[in-house]
Amino acid sequence: MASRHLAKEQPKTFAFSAEGEKQVKYWLKKYPKGKQRSAVIPMLWIAQKDHGGWVPEAAMRVIGDRLDMAYIRVLEVATFYTMFNLKPVGKHLIQVCGTTPCMLRGSGDLIKVCQSRIGSAGSISADGNFSWAEVECLGACVNAPMVQVSNSDGDLYYEDLDEASMNALLDELASGKAPIPGPRVDRVTSAPTGESITLTDASLFDGSRAKKLKKIPNAPAKTKKAAAPKKAAPKAKSATGKGGK
Amino acid sequence: MTDLRKVNIDGKEYEMPGRYTLMQACEEAGAEIPRFCYHERLSVAGNCRMCLVEWVGAPKPMASCAMSLNDLRPNRDGSPANIRTNSDTVRKAREGVMEFLLINHPLDCPICDQGGECDLQDQAIGYGRSETRYDEDKRAVEEKNMGPLVKTVMTRCIQCTRCVRFITEVAGVEELGLVNRGEHAEITTYLQANLTSELSGNVIDLCPVGALTSRPYAFSARPWELRKTETIDVMDALGSAIRVDARGSEVMRILPRLNDEINEEWISDKTRFVWDGLKRQRLDKPFVRVNGKLRPASWDEALATVAEKLQGDPDKIGAIAGDLADMESVKALKDLMENLGVRSIDCRQDGAHIGEQGRSGYIFNSGIAAIEEADAILLIGTNPRVEAPVLNARIRKAWLEGDAQIALLGAKSDLTYPHTYFGNAPSDLESLSTKKHPFITAMRKAKNPMIIVGMDALSRADGAQILRAVGKLAAEWKLVREDWNGFNVLHSAAGRVGALDLGFVPLKGGMNTGKILKAAQSGELDTLFLLGADELPMDQIKDTFVVYLGSHGDAGAHRADVILPGAAYTEKNASFANTEGRWQQTRAATAPKGDAKEDWKIIRALSDHAGRTLPYDTVQDLRKTMSTPKDEVFDPAKLGAAGKIKAAVFAPSSRSFWFTNPIARASEVMAQCASAQVTQLEAAE
Ligand code: SF4
Ligand code: FES
Ligand code: FES
């Protein structure tokens, strides 16, 4: 992460969009009275989404005024968290994880792709479509190497990438498509690649093998109607783990 | 409740209060703990790690500033926890921390103004390794603008955040912050705006390295070449403890000294940076006006001219003492005037209606330190942030740490703490106590209620009536009790209380400042003696012969017919009584400029010329004749005078914080501050 400075060219003013304003109200309500300043991170985030992926300085003042918070305090937060972009970004911001697991699994190749197709980190590609940054672990190490793509659709994870799939991903994005997030190899989320070799017998987990409980331990003595709670079969996790919902 | 804990420090067992931090405990046990981020008057940050000590048995060394004895548990066998401050582990830990701190430090001590008085330097010698093992690139940080007073060399910063905590907690303006993180962390104001606090200079002292230094003092001296004189300040009426550092005949800088009863360890920016005013606009020889032009004269000539004038009709002579007049000169002048039969003397050049009804009626009775004990404070016609910034920090502390409730009736201003605003109409004082308001209830119920009334209120034409109304409030709310006196006057002139103590007010049948000026306007006054009085409408004085005794060529000297050059506060051993009525003495750091003399000596010499030789030859003899007035029984309800308070509201003071006295007005730095303030205000609009 390079030293983060505010962009030289800044809009004079900032206002939340109608949708953004709605979300702001939602967040402000979430915190106990008098602790509204806790909303500074969500508000910066909403401002970033409202403003094409970066937080202008004017937004910090707006947020400071809204939360009765000194501007410098807002600036501290905005500069501390690297998820806030202080300069304009491309339509799609590619965040390549460069932390050890991803690095060992080839994030260097992904970075090279970014460098050759987009330019140096932080710069915006000529067509305005892309910019990229190297970030620290995004918590998807099992599917290393991976990138997070932030755009108007949200912040989506593309995993198990290599040079070819990375190029393909950029192509898709460039052509205006919305590629499906998730692994780029033959696997479901973080399950093993190929056929499952464990837990293949459904009766192991669908509850059919469970013995009926005659008495629930520790249940109040008098209750007669007590019955074993129904266990829901574990559902497969949605592939879009971190979708921007 | 005793909450004592046993602890073993460096092999000896102690019993100390559990709330003590390990650092306090170790210091009490006589061990020295190095530190950078910890400061006793600021919150604990615990981020520099220099204060590491060993807790025997714990896997890692502990930051002693951030851990209390209560956090320790005894050893397995029940014996008290062992803390080591001198073990190998500690030594290694300190060396490690030091090495890390120095990794990105530029080591530019030879060109650093902090050199010679730098914590980092000292502790590197005391606790560091002799060489570094780091040979990568160092980081560099751009300098940040913080205004005309604080110079920054941010590469030197070690991110202790003392400055941020001071500005936020003590100064009460959230303007400094630490942006970015980790290796990229930087201290800055928002978009490099100027610091607006009147206490901002204190961050220079707090900064343990040379990241924040004094801009006006930059590169002008090394600390070891300076002659240090402990004295007191006269920029406001607090009498803050200061140290004046001089080289040869020049004052190079002014620093605060510790005085818990007055200024703790802070001083205002005016106090700290006014010293360039001591070099400019100085009166260094006597002058006499001949044919409308001032020309240099000898002492004998000047004094003889004045002495001759003083032989005239004593009822047509007046004397006004200014805001910076010291007590010795005031006493000498009073004695001389009395001797001549002159009755029109006054020390209240702003016309304040105060000082003739007993001492408790014009001083800050509860004392400055007692502000911390107050639980309800009502400010009337004052803006302590401008009139006495250090005292304002105390009020803020009472709010921050003691939950004091504060209210203001006066010109609206940002006091740096939340307060109830009762508007700016002084006539509302009369009905204030009948108001149904939680603050009024709090005032009635308070254990230590306090009223602070300022000069904005008392120097109005209806000041006496306002004083009566305030006194009545004080009586009604029982501010004056056996063990507490919450009636407080906040002065803004350093010399005022001292002059009032010595009775420099019109003698029976004499005129006060207002009347003296009127007489001067109508030509009824022959001679006017100004003892450093510059805050007067000089253009109103028509044909009167004006004698000015003072140190600076300000308004008074410009109007004068004879100028007697006196000494500034850093050039004389003189007494001042602060707003609490505390008598203190300045010490001369340098000699008076040129032919100038200590003020009382000039008056003594003048008395000789006038044939009325004053009966003292030494300052000791003179001081023996000065005494504090005895206080009668104090009844605040009788203060002031009955009558109607005018409808005119308290207007925001037109006098800028930076220009309140002739020394400050001569200072270029003060002028820069004032114009920086104006530019910033305009930009904000
Ligand atoms: S500027 Fe000085 S006081 Fe402020 S954080 Fe840096 S080292 Fe500490
Ligand atoms: S290391 Fe890349 S996601 Fe954790
Ligand atoms: S003094 Fe304890 S961590 Fe800085």
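Author: Two strands are taken to pair if DSSP finds at least two bridges between them, and the helices (H or I, at least four residues) and strands (E, at least two) are themselves DSSP runs, numbered from the N terminus. This is a predicted model, in which local features need pLDDT of at least 70 and side-chain atom pairs count only at pLDDT 80 or more, while totals for chains, interfaces and linings use all residues. Residues are numbered from 1 along each chain as its sequence is written, and chains are lettered from A and ligands numbered from 1 in the order in which they are written.

Reader: What ipTM does the model score?

Author: In pLDDT, the predictor's confidence in each residue from 0 to 100, chain A has a mean of 89, with 89% of its residues at 70 or more. Chain B averages 95, and 99% of its residues score at least 70. For the model, the pTM is 0.92 and the ipTM is 0.92.

Reader: Over which residues of chain A does pLDDT stay under 50?

Author: Contacts, meaning pairs of residues whose C-beta atoms, placed from the backbone, lie within 7 Å, are still present there, since the model has 20 of them beyond four places in sequence for this stretch. The stretch of chain A with pLDDT under 50 covers residues 231-245.

Reader: What distance separates the centres of domain 1 and domain 2 of chain A?

Author: An automatic or database domain assignment supplies the bounds, and it divides chain A into domain 1 (18-80) and domain 2 (92-183). Taken over C-alpha atoms, the separation of their centres is 27 Å.

Reader: In what order do the strands of chain A form their open sheet?

Author: Chain A has 7 helices and 5 strands, and along the sequence they follow the pattern α-α-α-α-β-α-α-β-β-β-α-β. The open sheet has mixed pairing, and its edge strands, each pairing on one side only, are β2 (130-135) and β5 (182-183). The parallel sense appears between β4(A) and β5(A), which pair over 2 bridges. The order of the strands is β2-β1-β3-β4-β5.

Reader: Which residue in β4(A) stands opposite Gln148(A)?

Author: Strand β3 (residues 147-151) runs antiparallel to β1 (residues 92-97), to which 4 bridges join it, and there Gln148(A) is the bridge partner of Gln95(A). With β4 (residues 154-159), β3(A) is again antiparallel, over 5 bridges, and these two strands form a hairpin with 2 residues between them. Opposite Gln148(A) in β4(A) stands Tyr157(A).

Reader: How many residues of strand β3(A) are buried?

Author: A residue is buried if 20 or more other C-beta atoms lie within 10 Å of its own, exposed if 12 or fewer, and partly exposed in between. Both faces of β3(A) are covered, with Val147(A), Val149(A) and Asn151(A) buried on one side and Gln148(A) and Ser150(A) buried on the other. The strand is therefore largely enclosed by the rest of the structure, the number of its residues that are buried being 5 of the 5.

Reader: Does Glu9(A) count as buried or exposed?

Author: Glu9(A) has its place in the segment before α1 (18-30) of chain A, and its C-alpha is 15 Å from that of Gly53(A), 44 residues away in sequence. Because it has 8 C-beta neighbours inside 10 Å, Glu9(A) counts as exposed.

Reader: How many residues of chain B are in contact with chain A?

Author: The side of chain A that touches chain B has 5 nonpolar, 2 polar and 3 charged residues, where Ala, Val, Leu, Ile, Met, Phe, Trp, Tyr, Cys and Pro count as nonpolar, Asp, Glu, Lys and Arg as charged, and the others, Gly among them, as polar. These 10 residues of chain A meet a number of chain B residues equal to 11.

Reader: Within what arc do the buried residues of α15(B) fall?

Author: In helix α15 (residues 513-522) of chain B, the buried residues are Thr513(B), Ile516(B), Leu517(B), Ala519(B) and Ala520(B). They pack against β15 (317-321), β16 (344-346) and β24 (527-531) of chain B, whereas Gly514(B) and Ser522(B), on the other side of the helix, are exposed. The arc is that of the directions from the helix axis to the C-beta atoms. Seen down that axis, the buried residues line one face of α15(B), because they fall within an arc of 160°.

Methods:
Two residues are in contact if their C-beta atoms, placed from the backbone, lie within 7 Å.
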